[in-house]
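User: Please take a close look at a single part of this model and describe its surroundings in a connected account.

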Amino acid sequence: MAISYDLTSVESLFSDPLMGEDSRLQRYAIDHVRVKAKLAAMKDKYCQKLKREGLVLDCEQVAGVKLLQTKLIGRSRLRHVTSANQCVEKCYQLPGCVAVTYCAECDNNEVGHKDCRLFSADDIHSAVTDPQRQTTILTDKLQTLLMLHNTSTVAESDNFTVTSARECMTSCSEDDLCVAFTLSDSHEPHMACTLHSDSLLLSFKQSTENNVFFLAWHHKSISRITQTNSFPTSSLTKDLLTDCVIDDDCSNENAMCSIGRCLCLPGFFFSSRDNTCLTSDVLHMLHTLTKGRPTRLRVDLRDVDGHRHYAEYSTFRVDGPETNYTLTVSGYSGDAGT
């Protein structure tokens, strides 16, 4: 059974929310600051080794792409924090969170606590200018491209003409400094593409003619591998292996765009019978199989000596998620023992 999960840096465990003075682990007097610093030093040493071998581009310890005077628009989860770094830590600890908007001037009822908005990729729509807020995009938590609709940068940048969205994305993938790109919302083959580096990407504003795309950090390395090995484009035109640039290009709701291909989301598998992404949740499948009709279960066994045995149950049923998939088994017969 496929499982969807996020990988989070181990030093996130050694943070103030989990091990600080107000945490439940405070009584153990763990020097989490020293442990976190040592882990960071070990990571940097290993990263430098990978850099010498040409496996990573750099080892700069920057938590995401910071955007000043920028507010994300979309559904979010509110958390109360004391600093921007703590806001980012909250996002790292929450599965699916890829960006935060922090307001240093927004006090709530608790003295010293500020507003922190946590966003998943599917809940972000656009970004606007807001002098009171700052936003951080955690590109190391993105699974694929993050699209901000009707958004552009405040600062003017040079652009060039491309014939497709894929061409703009490829240019960003091949640029060591590129972390995002802006694409004019116009029809091919005349589209304006602008590449953005972390140091020059300062703030966003609302725009009806442009969309901004953030590139997942692992996208660059994988893209280069596929280019080196001449990864073929899909020869199919209507299935889930079709080419794409963003998730919206994939026709199935359980698919995402990953490295230019529509792939099934974690927890789903591709069915060639009807070209859809089906759930691989075994419990859900058993519930669908056994609901509304009598179902028997037979288990055939063979021991180490080659002797065969069986166990058969006249009643076998898996109830739905509202019962937490309760299992009902009765009516045993056979020679396998109970």
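Analyst: Leu148 has its place in strand 6; helices (H or I, at least four residues) and strands (E, at least two) are DSSP runs, numbered from the N terminus. The model is a predicted one, in which local features need pLDDT of at least 70 and side-chain atom pairs count only at pLDDT 80 or more, while totals for chains, interfaces and linings use all residues. Residues are numbered from 1 along each chain as its sequence is written, and side-chain values use heavy atoms, with hydrogens and water left out.

Leu148 is buried, at 0% relative accessibility; buried means under 20% relative accessible area, exposed over 50%, and partly exposed in between (1.4 Å probe, protein chains only). Discounting residues up to four places away in sequence, Leu148 touches Leu72, Ile124, His125, Ser126, Ala127, Phe204, Asn211, Val212 and Phe214, where contact means heavy atoms within 4.5 Å. Between Leu148 and Asn210, the C-alpha to C-alpha distance is 9.0 Å, although 62 residues separate them in sequence.

Strand 6 belongs to an open sheet of five strands, in the order 6-12-9-10-8, with antiparallel pairing; two strands pair if DSSP finds at least two bridges between them. Strand 6 (146–148) and strand 8 (160–162) are the edges, each having a single partner strand, so one side of each lacks a neighbour in the sheet. On average, neighbouring strands of this sheet are turned by 30 degrees against each other, direction ignored. Axes here are lines fitted to C-alpha atoms, for helices over the stretch in contact, and angles run from 0 to 180 degrees between N-to-C directions. Helix 4 (residues 165–174) packs on the sheet and touches strand 8, strand 9 and strand 10 (191–197); the direction of helix 4 makes about 160 degrees with that of strand 9.

Within the sheet, strand 9 (residues 178–184) and strand 12 (residues 210–214) run antiparallel and are joined by five bridges. One residue of strand 9, Ala180, has Phe214 of strand 12 as its bridge partner.

The whole structure holds three aromatic pairs. In one of them, the rings of Phe181 and Phe213 have centres 5.0 Å apart and planes at 15 degrees, so the pair is stacked; rings of Phe, Tyr and Trp (its six-membered ring) pair if their centres lie within 6.5 Å, with planes under 30 degrees apart counted as stacked, over 60 as edge-to-face and the rest as tilted. This pair links distant parts of the chain, since Phe181 lies in strand 9 and Phe213 in strand 12, 32 residues apart. Phe181 is buried at 0% relative accessibility, and Phe213 is buried at 5%.

Leu148 also figures in the largest nonpolar core, which has 19 residues: Leu72, Ile124, Ile137, Leu148, Leu201, Phe204 and Phe214 touch the most other members. Such a core is a set of buried Ala, Val, Leu, Ile, Met, Phe, Trp, Tyr and Cys residues joined through side-chain atoms within 4.5 Å. Strand 1 (65–74), strand 3 (97–107), strand 5 (124–137), strand 6, strand 9 and strand 12 each supply at least two residues of this core. A second, separate core of 16 residues includes Met147, Met191, Val245 and Ile246.

Strand 7 (residues 151–153) contains Thr151, which is buried at 0% relative accessible area. A polar atom of the Thr151 side chain lies 3.2 Å from the backbone nitrogen of Ala127.

Technical notes. Polar contact = N/O pair within 3.5 Å; in protein donor to acceptor, adjacent residues only side chain to side chain.
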